[in-house]
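Please open the model in a viewer and keep the selection panel at hand. The tour proceeds by selections, each followed by a description of what is found there.

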Amino acid sequence: MWRRKPAPRELPQESAAARPSAPPATALTIDALGRKCPIPIIMLADQINTVGLGAVVAVLADDPAAFTDIPAWCRLKSHEHVASYELPQGGWSIHVRRNY
Amino acid sequence: MAYLDAASTEPLHPAAREALLAALDVGWADPARLYGSGRRVRLLLDQARAEVAEILGARADEVSFTSSGTQAVHLGVLGGLAGRKRAGRRLVVSAVEHSSVLHAAGVHERDGGSVETVGVEITGRVSPAAFAAAVAEPGTALACLQTANHEVGTLQPVAEAGEACQAAGVPLFVDAAQSAGRLPIPPGWSILAASAHKWGGPAGVGVLAVRKGVRWRSPYPEDDRESRRVPGFENVPAVVAAAAALRARVAEAAAESARLSALVDRIRHEVPRLVPDVEVIGDPVERLPHLVTFSCLYVEGEALLTELDKAGFAVSSGSSCTASTLRPSHVLEAMGVLTHGNVRVSLPRGVSADDVERFLTVLPDIVRRIRHSLGVH
């Protein structure tokens, strides 16, 4: 079965920029490991407004649906999906920038 | 119960039921035998073949009946690859093909072949340029593209892919399961697969068509049935019923497809108006007439199906919690659209406009209640 390539994945316009080997620090980390979609997205929607404009939230998630759904949520809600980084224990750290 | 899952299977067409019952009595003998009863069954089988071939735009001797659409796909893909072994071992598929195509590709990969996957746009459509570039790579044995996507309804640029394949000298396998009987088959295929129960025929009948001159070799042990393309004794009564259903569907298609398409337009337009935070998925225009998919933010797909079932609606979902694999649909993933809270509505022939209106009436409250239970207001 075809599957989207695993993380890290970046937005096309950023793929030219150098990516640090470790995920950069973020303003907030939401631990949604072990939670099934849509819970990680509900947690993100609940908490994104607690960080400043332009700040980045990291969502830790291991439900495969989150890998597609958090970037899709960003597109629908006009926030920015910065990048997704694979976690050593499985799952991803999915970085989202608050746009408004 | 309002049945809105025609893309999984279409209810048996009355013309198929009538043909099936008649053929059960007269179509049981062995069509390979030369005595009278055998010859009569051979005649029934070949008449069905001629009808199906004409509607699908094939020659009768290019068409074989299989025991399912999935078997037709497996034979089409693996037989197409086997026939082109000397040309190369590279298989090109779109990322949103039916799992039967991708599983056949998996067999090819385990056999030492390579599989190149062409991605799709956010509408689910393959870019003709990307597909053309992939088939032009040296060593390409076969390319696969569906006529229309089974989960989101988007039509694929099959005619353009066919031209690119012809220019590259690569045969094109086309999975027409979702569109056969609803839309004309686009030109450009070398090998074609379809499934009778998707157009209102009985289950257990698939169609495999191999264009004259296309190299194809069965991946199965040798068998004399169906021009040596398909093993096993033909289910002639079911084949006769499948042909009757296809003939009836095509005769009704112009009027019924337009009616279903208008109902789909209504769902596409009304769902985002009635339900907040919904993404309607797939191409709004270049699409199947009867199918629409949408995803509701902050809603679990399984809960949505359960509640809709309680309210009397049979629909399907590509969300992971509804799949045996607990993975979201590879189609939704490849498109990069929301995979949770997903609902696929596919309208069967003769569905009433009232059922669609009732669906639009109950959906907003169901979504609201599920969101409320998850603490989303």
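The stops below run from chain A to the domains of chain B, then to the interface of the two chains, and end at a single residue. The model is a predicted one.

**Stop 1: helix 1 of chain A**

Begin by selecting residues 39-47 of chain A, which form helix 1. Within this helix, P40(A), I41(A), I42(A), M43(A) and L44(A) are buried. Now display what surrounds these side chains: the buried residues of helix 1 pack against strand 2 (28-32), strand 3 (56-61), helix 2 (64-77) and strand 5 (92-97) of chain A.

Next, extend the selection to residues 30-54 of chain A, the span that UniProt lists, in an unreviewed entry, as "domain: UPF0033". Helix makes up 36% of residues 30-54 and strand 12%. A distance drawn between the end C-alpha atoms of this span will read 17 Å.

**Stop 2: the two domains of chain B**

Turn to chain B and colour it by the domain assignment, which gives domain 1 as 2-6 + 253-373 and domain 2 as 14-248. Their centres, taken over C-alpha atoms, are separated by 28 Å. Each side brings residues to the contact: 24 from domain 1 and 24 from domain 2 of chain B.

Between them, the two domains of chain B bury about 1,900 Å², with carbon and sulfur atoms giving 58% of that area. On the side of domain 1, select L288(B), H330(B) and M335(B), which lose the most area to domain 2 and together account for 28% of what that side buries.

How many salt bridges and how many residue pairs in polar contact are there between domain 1 and domain 2 of chain B? The count of salt bridges is zero, whereas eight residue pairs are in polar contact, both residues of each pair being at pLDDT 80 or more. To see which elements of domain 1 touch domain 2, show helix 8 (236-274), strand 10 (291-296) and helix 10 (330-335) of chain B, each of which gives two or more residues to that side. Helix 10 gives the most, with five residues.

**Stop 3: the interface of chain B and chain A**

Display both chains and select the residues in contact, 28 from chain B and 19 from chain A. The two chains bury about 2,100 Å² between them, 63% of it on carbon and sulfur atoms. In chain B, the residues that lose the most area to chain A are Y298(B), E333(B) and H340(B), together 24% of what that side buries.

Two salt bridges are counted between chain B and chain A. One to select is that of K77(A) with D277(B), whose closest N and O atoms are 2.6 Å apart. Across this interface there are also six residue pairs in polar contact, both residues at pLDDT 80 or more.

On the side of chain B that touches chain A, helix 4 (99-110) and helix 10 each supply at least two residues. Helix 10 of chain B gives the most to this side, with five residues.

**Stop 4: V230(B)**

Finally, centre the view on V230(B), in the loop between helix 7 (225-228) and helix 8 of chain B. Is V230(B) buried or exposed? It counts as buried because its relative accessibility is 3%, under the 20% cut-off.

Then show the residues around V230(B). Leaving aside its neighbours within four places in sequence, V230(B) is in contact with S64(B), F65(B), T66(B), Q71(B), L75(B), D223(B) and R225(B). Although V230(B) and F65(B) are 165 residues apart along the chain, their C-alpha atoms are separated by 7.3 Å.

Key
Residues numbered from 1 in each chain as written. Chains lettered and ligands numbered in written order. Predicted model: local features only at pLDDT ≥ 70, side-chain atom pairs only at ≥ 80, totals over all residues. Heavy atoms only, no water. Buried < 20%, exposed > 50% of the residue type's maximum accessible area, 1.4 Å probe, protein only. Helix = DSSP H or I, 4+ residues; strand = E, 2+ residues; numbered from the N terminus. Contact = heavy atoms within 4.5 Å. UniProt positions renumbered as here; feature names shortened; annotations may be inferred. Domains from an automatic or database assignment. Buried area = accessible area lost by both parts, 1.4 Å probe. Salt bridge = Lys/Arg side-chain N within 4 Å of Asp/Glu carboxyl O. Polar contact = N/O pair within 3.5 Å; in protein donor to acceptor, adjacent residues only side chain to side chain.
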